[in-house]
Amino acid sequence: MFKKIFMPALVGLLIGCQSSSVTTQSGVFDGVTDIEETAFKAPSSFRVGVLLPLSGDVARYGQGLKQAALMALEDMNNPNLILQFYDTMSTPEGARLAAENALEQKAQMIIGPLTGAAVRTVSDETKSRGVPVVAFSTDSGVLQNGVYTLGLLVEEQVNRIVAYAAAKGRRQFALLVPDNSTGIATAQAAVKITAGTQARVVKIAFYPQKSTDFSEIIRQLSDYERRADSINREKNRLKELADKGDIGAFRALKKLSAKGVDGNIGFDAVVIPESGARLKSAVAMFGYYDVFSPQVKFLGTSVWENTRLNKESTLIGSWYPAMSRTHNTYFNKKYHSLFNEYPQSLYAFAYDAVALASALARNNPADIDGAVTTEDGFVGISGMFRILPNGKNEHSLDIIEVAQSGDMVIDLAAKKFSAVLPENSQENAAQAYDDNPPMIFGKDRSVAEKLIFGRTLNGDYNDISLSHSQNNSQDSGFSF
C-alpha cells in the first residue's frame, strides 16, 4: 500500500545540476530533445514532465524551482524516476505548448506550472489524458480533482492563524486586505473558519492593492471619530462637575486627560496579509489612530517572513504562520552551498513534488490520483503536507511570534494530520453571518458580500453590537 514518504536521504552532492542537459544515476533527462526513443520503452520508468518558466518575466523563480527539483532527484536516488523539463516561457500559451509536448513524450505526471493562468491552460488536456498535475499555484480557483497544487494557499494560512488566535481568547476579528483575489480569499477563509464558533469577523476593510496610504481606510476601520467624540464628551462632562467642586470628577478628569480616545475599538485582532513597505505603513497608521497591542493582536500570513519586523514596535508580540523551520534547515543549507544563495520558500515545493514523484515511481500505484491524495499525507522538506481530492492542500505550519530579539516559534507545526473534515461552504458562512454581517469598508457592501459569501446577507449594520470584551486567556471550551 502507498504510505507516507520521504524525509530526504542526505546522500552525495548534486552533480551537474546547472547544465542544460543532464543524465544522472537517478534518471533525469533535462533537455527533452535528447531523449532516445528506446528510453520510452523502459518498463520500470516513471516519466514526469516538469513545466517551469525557464525564460521570460519570472524565469528567476523557474530556475530556482528547477535547481530544487534536481536537488531532490539526487537525494531520492531513484533510477526509475525520469524528469523532463519544459520551458513555459512565463506565459499561459507557453505552458499549454509545454504540456502538450510533455504529454506527447509520455509524461505520466506533470509537476508545475507556476501560475494560476498557466494551470488553467493545461488542465483540460491533462484531465482528458488522465495525467495528474501537481502545480505550484496559489490560485485555488483553478484546482480540481486531478489538478492539484503544493503552493501555500491563503485559506490554510488564515485558518491556522485565526484558529490559533481564537484558541488564545481572541473573539472579534477585523481584516485589512487588498482589493484583489488575495483579499477576497482571506475574507472567505476567515468567515468560513469562524462560522459556528464563538469567534466572528466583525469588520473587513479593503484598500487598493498598490496603495501605500492607509490613513483613510484605517481611520474608518478603527472607528476613530466615534472613539474621539466619546472621550471628549466624557471629558467635558467631568470638567463641568470638577468646575463645581466635585473632587471625584476632578481626579477622573486628570486620569482621563492622558487618554486620547475611547479604547472600545470593536475588534481584538486584525489580520493583515501584506508585507514590506505596505505592511509597515499600515501598522504605523494603526498606531496613529491609537490602536496598539496587546489590546489588539496583529496577525499576518506567511508573507510576513519577507519583512524584517522586529524593529516595528507596534508589531512586537504579533503572530503569523510559516512553513516548519524545524524541517527545512537542511534544504536551505544545501541549496545555499550549491548555488551561493538562500532559496525562496517556494522552491521547497519543487523539492517535495519530485520526492512525491519518486515515491510514486518506487510504488507504481495503479491509481496515481488516489496515491497523491492519501489522507495520511507526507513528510516533506518543510514539514507535513497532504493534497486533497479537490486539488487544495494542507501544510503543517508553525506559529511565529515577532520579538525584538528575532522571530521565534511559539507553536510547532503538527506532526501528523487529523482526519480530513469538510470545510464550511460559502452558504454555511452566509447563514452564520446573515443576522450579524461584518461591516465593510473601502468596497461596495453588496459586491463584497457576493464575493465573500456568494450572496448578499440579510442583516443590517444597525443590528451589529460592537461591544468589545477583552479576553486573552486560554479558553479550553473553544474549538474549530
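How many bridges join strand β12 to β13, and which way do the two strands run? There are 3 bridges between β12 (residues 383-387) and β13, and the pair runs antiparallel. Before going on, some housekeeping: this is a predicted model, where local features need pLDDT of at least 70, side-chain atom pairs count only at pLDDT 80 or more, and totals for chains, interfaces and linings use all residues. Residues are numbered from 1 along each chain as its sequence is written, and side-chain values use heavy atoms, with hydrogens and water left out. The element names come from DSSP runs, numbered from the N terminus: helices are H or I with at least four residues, strands are E with at least two. Two strands pair if DSSP finds at least two bridges between them.

Back to β12, then. It belongs to an open sheet of 3 strands in the order β11-β12-β13, with antiparallel pairing. The edges are β11 (378-380) and β13 (393-395), each of which pairs on one side only. On average, and with direction ignored, neighbouring strands here are turned by 30 degrees against each other; such angles are taken between N-to-C directions, run from 0 to 180 degrees, and use axes fitted as lines to C-alpha atoms, for helices over the stretch in contact.

You can walk through this sheet residue by residue. β11 and β12 are joined by 3 bridges and run antiparallel, with G380 standing opposite G383 in β12. The hairpin linking β11 to β12 uses 2 residues. On the other side, F385 faces H395 in β13, and I387 has N393 of β13 as its bridge partner. The hairpin of β12 and β13 has 5 residues between the strands, and G391 in that turn has a positive phi of about 95 degrees. As for surroundings, 5 of the 5 residues of β12 are buried, so the strand is largely enclosed by the rest of the structure. Buried here means under 20% relative accessible area, exposed means over 50%, and partly exposed is in between (1.4 Å probe, protein chains only).

Now for a parallel sheet. This open one has 5 strands in the order β2-β1-β3-β4-β5. Because β2 (81-87) and β5 (147-149) at the edges each have a single partner strand, one side of each is left without a neighbour in the sheet. The twist from one strand to the next averages 25 degrees. At one end, β4 (residues 133-135) and β5 run parallel and share 3 bridges, and V134 stands opposite Y148 in β5. Helix α11 (residues 347-363) packs on this sheet, touching β1 (46-52), β2 and β3 (109-111), and its direction makes about 165 degrees with that of β3. Touching, or contact, means heavy atoms within 4.5 Å.

Another parallel pair is β6 (residues 172-178) with β7 (residues 200-207), joined by 7 bridges. One of the partnerships is V177 with F206 in β7. 7 of the 8 residues of β7 are buried, so this strand too is largely enclosed by the rest of the structure.

What about helix packing? The axes of α4 (residues 154-167) and α5 (residues 181-194) come within 8 Å and cross at roughly 45 degrees. That makes α4 oblique to α5 (under 35 degrees is roughly parallel, over 145 roughly antiparallel, 65 to 115 roughly perpendicular, and the rest oblique). The contact involves V154, E155, V158, N159 and V162 of α4, and on α5 T182, A185, T186, A189, A190, I193 and T194.

Finally, the loops. Most residues other than glycine have a negative phi, and most peptide bonds are trans. G112 and P113 are joined by a cis peptide bond with omega about 0 degrees, and P113 sits in the loop between β3 and α3 (116-129). The bond from S293 to P294 is also cis, with omega near 10 degrees. P294 lies in the loop between α9 (276-288) and β9, and D290 is found in the loop between α9 and β9 as well. D290 is not a glycine, yet has a positive phi of about 60 degrees; at 29% relative accessibility, D290 counts as partly exposed. N340, in the loop between α10 (329-339) and α11, also has a positive phi of about 60 degrees without being a glycine, and at 66% relative accessibility N340 counts as exposed.
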